[in-house]
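Grab a pencil and work through these short exercises on strand pairing and a ligand shell. Try each task before reading its solution.

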Amino acid sequence: MIWAPRMSHSNKLHQQIAPDVKLGKGVRIFGFTNLYGCKIGDDVKIGTFVEIQKGASIGNRCKISSHTFICEGVHLEDEVFVGHNVTFINDLYPRATNAEGQLKSEADWQCISTRVEQGASIGSGATLLCGVTVGKGAVVGAGSVVTRDVPAFAVVAGNPARVLRMLNEERAEQPAKTARSRKQVSS
Ligand SMILES: CC(C)(COP(=O)(O)OP(=O)(O)OC[C@H]1O[C@@H](n2cnc3c(N)ncnc32)[C@H](O)[C@@H]1OP(=O)(O)O)[C@@H](O)C(=O)NCCC(=O)NCCS
């Protein structure tokens, strides 16, 4: 069954939600969003300036923060957090034109999928190359470039992203750090 998303009238004016989008129950979508041909689970929150393309799927209770791009072939399982300005990729060797010099069409390229498993979090500004799986409960650091599969409950960061440490599977949530508890930048 397809449900109407919860949103205010002013938000509705600036959204493009194509009729072929399958929306779950209790979905909240903010303004300036563009969704087409995708599947969105129940109780999902989608921030401003998010685009979700055809063939992408979002599980239940996911949070997608503003300015994020979720392309065709991306599959988020339940309870995934996606930070701001996260970029997914589905074409490893993109070209504008084919051998004849014509603009490439839908038939001219191969979409490579990416999966983010249940409860994983993707930090703001991260880029995920295609064909990777981010394992259950893993955390991808802000600004990381993910080039390989991320093991379940791993914390990864950097370009290319490397494992910093492993989380306790029983209690994957970490206590919040304050700015004061951070190390100083060395010269
Ligand atoms: C990856 C992350 C979870 C690590 O947190 P942490 O375990 O507390 O890590 P620490 O701060 O102890 O840092 C450990 C090391 O990793 C480095 N590091 C931490 N985060 C990093 C990142 N995003 N990119 C590159 N390196 C990072 C630190 O500089 C430190 O290196 P050092 O040992 O050489 O000094 C966190 O830094 C992060 O990026 N979280 C994502 C936050 C986010 O995007 N939220 C979105 C909503 S606002």
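## The open sheet

In this predicted model, eight strands make up an open sheet with mixed pairing, ordered β3-β6-β9-β12-β15-β18-β20-β21.

**Exercise 1.** Work out which strands stand at the edges of the sheet, and why one side of each is left without a neighbour.

*Solution.* Start with the order: β3 opens the list and β21 closes it. Each of these two, β3 (28-29) and β21, has a single partner strand, so one of its sides has no neighbour in the sheet.

**Exercise 2.** Walk from β15 to β21 and give the sense of each pairing.

*Solution.*
- Step one: β15 (residues 121-122) runs parallel to β18, joined by two bridges. Here Ser121 sits opposite Val139.
- Step two: β18 (residues 139-140) is also parallel to β20 (residues 154-157), again through two bridges. Val140 faces Val156 in this pair.
- Step three: β20 and β21 (residues 162-166) pair antiparallel, over four bridges. Ala157 is opposite Arg162.

**Exercise 3.** Find how many residues lie between β20 and β21 in their hairpin, and which turn residue has a positive phi.

*Solution.* Four residues separate the two strands of the hairpin. In that turn, look at Gly158: its phi is positive, at about 100°.

**Exercise 4.** Sort the residues around the ligand by class, then name the ones that come nearest.

*Solution.* First, the classes: five nonpolar, seven polar and two charged residues form the shell. Next, the nearest of the 14 residues are Gly83, Gly123, Gly141, Ala142 and Ala157. Ala157 links back to Exercise 2, where it stands opposite Arg162 in β21.

Key: Residues are numbered from 1 along each chain as its sequence is written. This is a predicted model: local features need pLDDT of at least 70, side-chain atom pairs count only at pLDDT 80 or more; totals for chains, interfaces and linings use all residues. A residue is near a molecule or strand if its C-beta atom, placed from the backbone, lies within 6 Å of it. Ala, Val, Leu, Ile, Met, Phe, Trp, Tyr, Cys and Pro count as nonpolar, Asp, Glu, Lys and Arg as charged, and the others, Gly among them, as polar. Two strands pair if DSSP finds at least two bridges between them.
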